[in-house]
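Visitor: Hi, I'd like to walk through this structure with you. Could you keep it simple for a first-year student?
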Amino acid sequence: MAVRPSPLAVGVGVRVRTTGPSGHVRTPGYLRGASGTVVALLGRFPNPERLAYGAPAPLVALYRVEFAVTDVFGPADGASRDVVTADIYEHWLEEVQDRE
Amino acid sequence: MSDHHDAGQEHDPGPRVGLSPFAARSRVLAALLVEKGVLTQDEIRRQVAATERRSPETGARIVARAWVDPRFAALLREDFAAAVAQVGVDASGLVQFEALFNTETVHNVVVCTLCSCYPRAIIGNPPDWYKSTAYRSRTVREPRAVLAEFGLHLPPEVTVRVHDSTADLRYLVVPRRPSGSEGLSEEELAALVSRDCLIGVAVAASPVAA
């Protein structure tokens with residue numbers, strides 16, 4: 001998988017990919033397809049999707065992405081300002097150009 | 001098992017009868033690692049002892065130091081491992097740690113929806129509820145309802161920030177210092193910080209209640 005030439009900037013809007021490899025994956029199902037905001041670049045780590053199988057695991061960038069709970073799960077009672085953050089590897093993220 | 005594994009078995013701590021499949025597997029694995037010279041029985045024993053020594057009290061000590069020493073708190077924010085080394089805690093292992101500071105407007109809570117990632121290297125094993133499907137699935141979906149079930153009712157102006165430990169970082173929540181705790185010693189302050197505070201399903205006890 002191609003590595004992004006330049007890192008995603010903090011504040012950039014991203015969408016989590018809906019498809020991905022089967023097996024050991026560290027991107028939770030409830031976030032697939034969800035849109036959020038990059039809040040931190042956490043470093044570069046061996047890709048766990050390969051590491052878990054003893055395969056050569058290239059370093060991939062890991063981002064903290066913040067999502068509004070209501071964006072992921074729909075409107076709820078009085079929780080509109082609450083957020084979920086998850087740590088997601090770069091190959092699961094695509095930049096969103098036109099955010100609402 | 002064949003006689004071939006006797007070298008490992010002679011260090012076996014107890015009978016194998018009635019073991020769960022996982023316990024039996026770990027016994028066999030340990031015996032094989034010893035037999036093949038990867039680990040010694042003594043190294044295993046020392047690691048088990050080190051794991052059992054870890055406790056939420058270590059996290060409470062870190063929090064209390066952060067409350068009394070702003071420079072320590074700043075370092076804890078920037079470089080967790082360097083900060084906790086100052087209080088004799090080793091966080092130099094494979095996973096990175098990050099301290100999540102609660103503020104007047106943000107309350108942090110930690111979950112691992114994929115499995116049960118937890119800052120074990122600092123505060124030991126998680127409580128059973130942390131590993132339950134209910135906690136793991138509901139905390140991201142309805143954090144306020146989950147916190148309310150722990151007796152924590154947050155005002156609407158406070159944002160709940162749920163941290164799903166999905167990858168290579170582990171999180172420790174630093175609760176806010178309770179009012180009325182000004183005159184307390186560091187040790188007395190640490191006693192106000194429970195394990196649940198470090199996960200984020202509780203706030204620090206008030207000095208009167210403690």
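Guide: Happy to. Let's begin at one spot: B:Val111 stands opposite B:Asp164 in strand 3 of chain B. Strands here are DSSP runs (E, at least two residues) and helices are too (H or I, at least four), numbered from the N terminus.

Visitor: Before we go on, where does this model come from, and how do the labels work?
Guide: This is a predicted model, where local features need pLDDT of at least 70, side-chain atom pairs count only at pLDDT 80 or more, and totals for chains, interfaces and linings use all residues. Residues are numbered from 1 along each chain as its sequence is written, while chains are lettered from A and ligands numbered from 1 in the order in which they are written.

Visitor: Cool. How many bridges join strand 2 of chain B to strand 3 of chain B?
Guide: Six bridges join them, and the two strands run parallel. Two strands pair if DSSP finds at least two bridges between them.

Visitor: And what holds paired strands together?
Guide: Strands of a sheet pair through backbone hydrogen bonds, either parallel or antiparallel.

Visitor: What else does B:Asp164 face?
Guide: A:Ala86 stands opposite B:Asp164. The strands involved are strand 4 (residues 83-89) of chain A and strand 3 of chain B, joined by four bridges and running parallel.

Visitor: What is the order of the strands in the sheet?
Guide: The order is 5(A)-1(A)-2(A)-3(A)-4(A)-3(B)-2(B), an open sheet of seven strands with mixed pairing. Strand 5 (93-95) of chain A and strand 2 (106-111) of chain B stand at the edges, each with a single partner strand, so one side of each is left without a neighbour in the sheet. The twist averages 35° from one strand to the next.

Visitor: Which helix packs on the sheet?
Guide: Helix 8 of chain B does, touching strand 4 of chain A together with strand 2 and strand 3 of chain B. Its direction makes about 150° with that of strand 2 of chain B. For such angles, axes are lines fitted to C-alpha atoms, for helices over the stretch in contact, and angles run from 0 to 180 degrees between N-to-C directions.

Visitor: Which residues of helix 8 of chain B are buried?
Guide: B:Tyr135, B:Thr139 and B:Val140 are buried. A residue is buried if 20 or more other C-beta atoms lie within 10 Å of its own, exposed if 12 or fewer, and partly exposed in between, with C-beta atoms placed from the backbone.

Visitor: Why do they line one face?
Guide: Seen down the axis of helix 8 of chain B, the buried residues fall within an arc of 105°, so they line one face of the helix. The arc is that of the directions from the helix axis to the C-beta atoms. On the face turned away from the buried side are the exposed residues B:Thr133 and B:Ala134.

Visitor: Back to the two chains. How many residues does each give to the contact?
Guide: Chain B gives 18 residues and chain A gives 21 residues. Two residues are in contact if their C-beta atoms, placed from the backbone, lie within 7 Å. Strand 3 of chain B gives the most to the chain B side, with six residues.

Visitor: What about chain A alone, how many helices and strands?
Guide: Chain A comes to two helices and five strands, running β-β-α-β-α-β-β from the N terminus. Of its 100 residues, 30% count as buried.

Visitor: How do strands 2 and 3 of chain A pair?
Guide: Strand 2 of chain A and strand 3 (residues 59-68) of chain A are antiparallel, with eight bridges. In that pairing, A:Phe45 has A:Val60 as its bridge partner, and A:Leu41 stands opposite A:Tyr63. Seven bridges then join strand 3 of chain A to strand 4 of chain A, again antiparallel.

Visitor: Last topic: where is B:Pro126?
Guide: B:Pro126 is found in the loop between helix 7 (120-123) and helix 8 of chain B. B:Pro126 is partly exposed, with 18 other C-beta atoms within 10 Å. Leaving aside neighbours within four places in sequence, B:Pro126 is in contact with B:Ser116, B:Tyr118 and B:Lys131.
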